[in-house]
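Here's a quick briefing on how the aromatic rings sit in this predicted model. Have a look at the structure first, then go through the points.

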Amino acid sequence: MGLLYSIGINIASFVVKLIALFNQKLKLGVDGRKETFKKLEHSIKPTDKTFWFHCASLGEYEQGLPVFEALRTKYSDYKIVLSFFSPSGYEVRKNSKIADVVVYLPFDTKANAKRFLDIVDPDYIIFVKYEIWPNFLSEIKKRSLNAILISAVFRENQSFFKWYGSFMTSSLFAFNHIFTQDENSKLLLERIGYNDVSVSGDTRFDRVYNQLDTDNTVDFIESFKNGRTCVVFGSTWPDDDKLYLDYINNNSNDNIKYIIAPHNIKPSYIASLKSQLKVNTIYFSEMQNENLSNYGVFILDTIGYLSKVYSYADIAYVGGAAGTTGLHNILEPAVFGIPIIIGKNHSKFPEAKALINLGGVNTVSSVPGFESILNTLISDLTFRKKQGEINKAFIEKNKGAIIQILNYIRI
């Protein structure tokens, strides 16, 4: 099986390089991987003590960041190598101050794994959530390197727990310890004989809770809101747009403001979005010298502000679950004690399921359903406040994963 996997990886690498000639996102990854070993050799000396943090993409980076930050502070004499698999993580965080060098993870071939580990020679390795690369993990195990997986989530339908998944299952045993988000994941691991496992919860709770200690002031949002009720549509996709655009067009008045922070901020998409709005709308990129309080809709066509912007929201809609792209982070608005609306495709997100059951998150599957719950949240202040309190209490109850993980790490 290992031979077949390695052959498959080499074929996949060739195919990706071919497709990248016609796909800009794939090209970023292909070009970036050409620089990986050069960047590592330039930044890491054989005498350096190192941590290696690996994340699939941006979401996993945000999940691991509280741990990364704590280790950066505690072990300030160690160099940190941060790797990403996806361009959507690397391109946004390639200048992250948390690391001494940020690279793309090379494709999972045996030769790449050996060369990578020869250069980095990590004293400690932390993978986040889902990343299981058998050849890298096999080499880690051969070298008896310290490695843990944090914020892991496992489901019964994954290959690790099937009769045909022994090759992938064996990769898990390269980790000295696995910290899971939930009890079910722990039980699944124990069922296959992996017992070095703890339920620590989701490190994102620590990440978002720390946001409360941050200065969340955004002057231009304050000017735009101007003391009115504010609905924030965060990380939205076209399927989400179909739910809320008519509502904004039909419910515009001086007492309510709308902020849209799309996942896709390409100018063509932003222009298309604005063209569908009948309300006085302004972009972040065109707001200079404008009286923002005169506008009813603010489109955030930039990145880096959303977590702070949620602090101005009275109600939040979080995108991704109206279609199949995947629900974005509902914990970011939840920590500010506001009610949340999401789409119907949330089954793979345990925090969404928990908060729906508790009554802090509302799931909708149609335009009428969306309009009904938003009208209620706008008009019923008591109901709105109750839902917000549920969400904030949920964050407070579930923080603390970082303490458990840091207590385990000993160098």
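Arg33 sits over the face of Phe107, 4.9 Å from the ring centre. Arg33 also lies over the face of Phe85, here at 4.7 Å from the ring centre. As for rings meeting rings, the predicted model holds 36 aromatic pairs.

**An edge-to-face pair**
- Take Phe154 and Phe161: their ring centres are 5.9 Å apart and their planes stand at 90°, so this pair counts as edge-to-face. The cut-off for that label is over 60 degrees between the planes.
- Phe154 is buried, with just 3% relative accessible area.
- Phe161 is buried too, at 10% relative accessible area.

**A tilted pair between two loops**
- Phe284 and Tyr305 also pair up, with 5.6 Å centre to centre and 45° between the planes, which makes this one tilted.
- Where do Phe284 and Tyr305 lie? Phe284 is in the loop between β10 (281–283) and β11 (297–299), while Tyr305 is in the loop between β11 and α14 (306–309).
- Because of those positions, the pair ties together parts that are 21 residues apart in sequence.
- Tyr305 is partly exposed, with a relative accessibility of 28%.

**A ring cluster**
- Which residues do ring pairs link into a cluster? On the Phe side you'll find Phe51, Phe53, Phe68 and Phe84.
- The Tyr members of that cluster are Tyr61, Tyr75, Tyr78 and Tyr124.

Key: Residues numbered from 1 in each chain as written. Predicted model: local features only at pLDDT ≥ 70, side-chain atom pairs only at ≥ 80, totals over all residues. Heavy atoms only, no water. Phe/Tyr/Trp six-rings, centres within 6.5 Å; stacked < 30°, edge-to-face > 60°. Buried < 20%, exposed > 50% of the residue type's maximum accessible area, 1.4 Å probe, protein only. Helix = DSSP H or I, 4+ residues; strand = E, 2+ residues; numbered from the N terminus. Lys NZ or Arg CZ within 6 Å of the ring centre and 35° of its normal.
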